[in-house]
Amino acid sequence: MVERLHDTQKATGSIPVSRTMALRKTTTILAIETSCDETGIAILDCSGGFANPKFEIRANVITSQIELHKEFGGVVPNIAKREHIKHLPILLVDALKKAGINPDALWDRGSDLRQGSKRRRKPIDALAVTVGPGLEPALWAGITFTQELSQNWKLPVVAANHMEGHIAAILLAQSDKSKVRSDKKKIKFPAIALLVSGGHTELVLVKNWLDYTVIGETVDDAAGEAFDKVARMLDLQYPGGPEISRLAETGNRYAYAFPRPMINTKNYNFSFSGLKTAVLYALRDLKSKKIAFTKNDVAASFEEAVVDVLLLKTMHAIKEHNARTLILGGGVAANVRLRTRMQIAAKEVGIRIHLPAIQLTTDNAAMIAASAYFHVEKNDFTGWKKLSARATMPL
Ligand code: KG4
Ligand code: ZN
């Protein structure tokens with residue numbers, strides 16, 4: 001039996017979990033995120049378990065590749081991979097330094113034992129890496145880097161789901177000043193999570209951490225993708241979401257009656273492709289008829305159409321599932337109009353709303369570490385040899 005377990009460990013690359021880990025109050029997780037165009041490494045102290053999860057961000061470093069991808073109008077997977085590979089070692093040194101961790105202490109188990117000294121606690125207990133969903137070449141950059149760390153430091157690995165990370169982002173404090181989220185903000189289940197990013201638009205029923213059911217999703221473009229494509233039509237830079245949002249602030253939201261696709265369907269699915277085409281045709285008509293228009297009005301009318309659909313479907317889901325909490329996540333959750341209208345609607349129906357801090361809405365590794373904590377609590381690790389990139393990965 002012992003022999004067989006040993007063979008399995010060899011085959012999968014699984015690292016035995018340190019015996020003392022289960023006894024500890026605080027688990028320190030180092031997470032790596034490379035699913036798209038941000039390279040991120042974070043180190044979090046996690047405690048409180050499922051009942052009262054608390055996180056202290058000791059380091060959260062990010063390098064954005066946006067400038068490089070701008071000229072292509074979107075993310076080029078192989079450039080993303082190359083950049084992740086380049087930046088990961090630099091970010092690792094930076095993250096360890098910020099967290100006050102001496103890298104030597106991660107290697108020293110063997111020498112401690114040789115010298116007969118008492119085994120010291122390692123400053124990191126587990127690793128986490130985003131394995132999907134995302135751009136496969138980009139994901140592999142993070143995975144191979146993590147595989148090396150896992151072998152070198154003899155640390156177990158959580159294979160993290162990027163979208164689960166976007167949900168967990170709400171558990172992180174607003175800023176370094178308030179390091180640990182206050183208890184008053186405890187999440188009450190069931191919750192409905194609206195996840196809106198560049199690649200995904202999903203409504204998720206969250207019965208507890210790790211208990212997710214996707215009840216609706218986009219049948220074509222993701223919300224963020226629609227923002228990016230409409231931005232391109234308006235000759236705005238990539239990523240388009242923040243640009244549209246900025247212009248919309250001073251635009252007329254009712255200047256153009258763009259469609260609200262699928263707003264009245266009985267399911268929770270979304271479609272943004274038709275809306276995008278409607279904007280394209282409207283712009284074509286305005287230009288061909290030489291009618292004066294402002295980008296601000298187009299941006300504001302488009303934004304309002306997207307927010308209307310997201311809001312209505314989310315509110316229906318809350319009602320049908322008797323949800324006690326509304327969670328917002330993903331890059332588009334940085335959108336001020338969406339945040340404001342969701343806050344107002346949540347207040348109207350008397351439901352708690354949890355929004356991620358603006359700086360943690362777009363991709364980062366801190367949210368990956370937070371989501372990984374629940375897997376660590378369940379001893380849900382993946383041997384380093386078994387880690388594999390997944391372009392699509394259900395919650
Ligand atoms: O979650 P994220 O950083 O990456 C993915 O997982 O895709 O989301 C990026 C998306 C982009 O489409 C970007 O345009 C959008 O989030 N975004 C916004 C805003 N900030 C970022 N969309 C609307 N309004 C914003 N303020
Ligand atoms: Zn994301």
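A donor here is an N, O or S atom within 2.8 Å of the metal, and since water is not among the atoms, a site may look incomplete. Keep that in mind for the first exercise, and remember throughout that this is a predicted model.

## Exercise 1: the zinc site

Work out which residues coordinate the zinc ion (ligand 2) and which parts of the chain they bring together.

*Solution.*

Step 1. Start at the metal and look for donors. You'll find His162 through NE2, His166 through NE2 and Asp363 through OD, at 2.0 to 2.1 Å. Those distances sit inside the 2.8 Å cut-off.

Step 2. Now read the donors along the sequence. Their spacing is H-x3-H-x196-D.

Step 3. Place two of them in the fold. Histidine 162 belongs to helix H7 (residues 162-168), while aspartate 363 sits in the loop between strand S10 (352-354) and helix H13 (366-377), so this pair ties together parts that are 201 residues apart in sequence.

Step 4. Check the exposure of that pair. Both histidine 162 and aspartate 363 are buried.

## Exercise 2: ligand 1

Find the closest residues around ligand 1, list polar contacts to its oxygen atoms, and say how much of the ligand the protein buries.

*Solution.*

Step 1. Count the surroundings. There are 20 residues around ligand 1, and the closest are His166, Gly198, Asp228, Gly241 and Asp363. Two of these names should ring a bell: His166 and Asp363 also coordinate the zinc ion (ligand 2).

Step 2. Go through the polar contacts. For histidine 166, a polar side-chain atom lies 3.0 Å from an oxygen atom of ligand 1. With aspartate 228, an N or O atom of the side chain is 2.7 Å from an oxygen atom of the ligand. Glycine 241 uses its backbone instead: a polar atom there is 3.0 Å from a ligand oxygen.

Step 3. Turn to surface area. On its own, ligand 1 exposes 550 Å², and the protein buries 89% of that.

## Exercise 3: helix H8

Aspartate 228 from the last exercise is one of the buried residues of H8. Decide whether helix H8 (residues 223-233) is largely enclosed or open, and name what its buried residues pack against.

*Solution.*

Step 1. Pick out the buried residues. They are Ala223, Gly224, Ala226, Phe227, Asp228, Val230, Ala231 and Met233.

Step 2. Draw the conclusion. Eight of the eleven residues are buried, so H8 is largely enclosed by the rest of the structure.

Step 3. Look at who does the covering. The buried residues pack against strands S6 (191-196) and S7 (201-208), and against helices H9 (240-248), H10 (273-288) and H11 (295-320).

Step 4. Glance just past the helix. There you meet aspartate 235, with a positive phi near 60°.

## Exercise 4: strand S6 and its partners

Say which way the side chains of S6 point, and which strands pair with S6 and in what sense.

*Solution.*

Step 1. Recall the rule: in a regular strand, side chains alternate between the two faces of the sheet.

Step 2. Apply it. Ala191, Ala193 and Leu195 point one way from S6, Ile192, Leu194 and Val196 point the other way, and all are buried.

Step 3. Take the S7 side. S6 and S7 pair antiparallel over six bridges, and they form a hairpin with four residues in between. Leucine 194 stands opposite leucine 203 in S7.

Step 4. Take strand S9 (residues 325-329). Five bridges join S9 to S6, and the two run parallel. Here leucine 195 stands opposite glycine 329.

## Exercise 5: strand S4

Identify the strands paired with S4 and give a residue pair for each.

*Solution.*

Step 1. Check cover. S4 (residues 126-132) has seven of its seven residues buried.

Step 2. Find S1. S1 and S4 pair in the parallel sense over four bridges, with isoleucine 32 opposite valine 129 in S4.

Step 3. Find strand S5 (residues 157-161). S4 and S5 are also parallel, this time over five bridges, and threonine 130 has alanine 160 in S5 as its bridge partner.

## Exercise 6: threonine 34

Locate threonine 34 and describe its surroundings.

*Solution.*

Step 1. Threonine 34 is in the loop between strand S1 (27-33) and strand S2 (38-47).

Step 2. The relative accessible area of threonine 34 is 0%. Under 20% counts as buried, so threonine 34 is buried.

Step 3. Beyond its neighbours within four places in sequence, threonine 34 contacts Thr39, His84, Leu88, Ala138, Leu139, Ala141 and Gly142. With glycine 142 there is a polar approach too: its backbone nitrogen lies 3.2 Å from a polar side-chain atom of threonine 34.

Terms used: Residues are numbered from 1 along each chain as its sequence is written. Chains are lettered from A and ligands numbered from 1 in the order in which they are written. This is a predicted model: local features need pLDDT of at least 70, side-chain atom pairs count only at pLDDT 80 or more; totals for chains, interfaces and linings use all residues. Side-chain values use heavy atoms; hydrogens and water are left out. Donors are N, O and S atoms within 2.8 Å of the metal (3.2 Å for Na, K and Ca); water is not among the atoms, so sites may look incomplete. Buried means under 20% relative accessible area, exposed over 50%, partly exposed in between (1.4 Å probe, protein chains only). A polar contact is a pair of N or O atoms within 3.5 Å; within protein, one must be able to donate a hydrogen and the other to accept it, and residues adjacent in sequence count only if both atoms are side-chain atoms. Contact means heavy atoms within 4.5 Å. A residue is near a molecule or strand if one of its heavy atoms lies within 4 Å of it. Accessible areas come from the Shrake-Rupley method with a 1.4 Å probe; for residues, only the protein chains shown count as cover. Two strands pair if DSSP finds at least two bridges between them.
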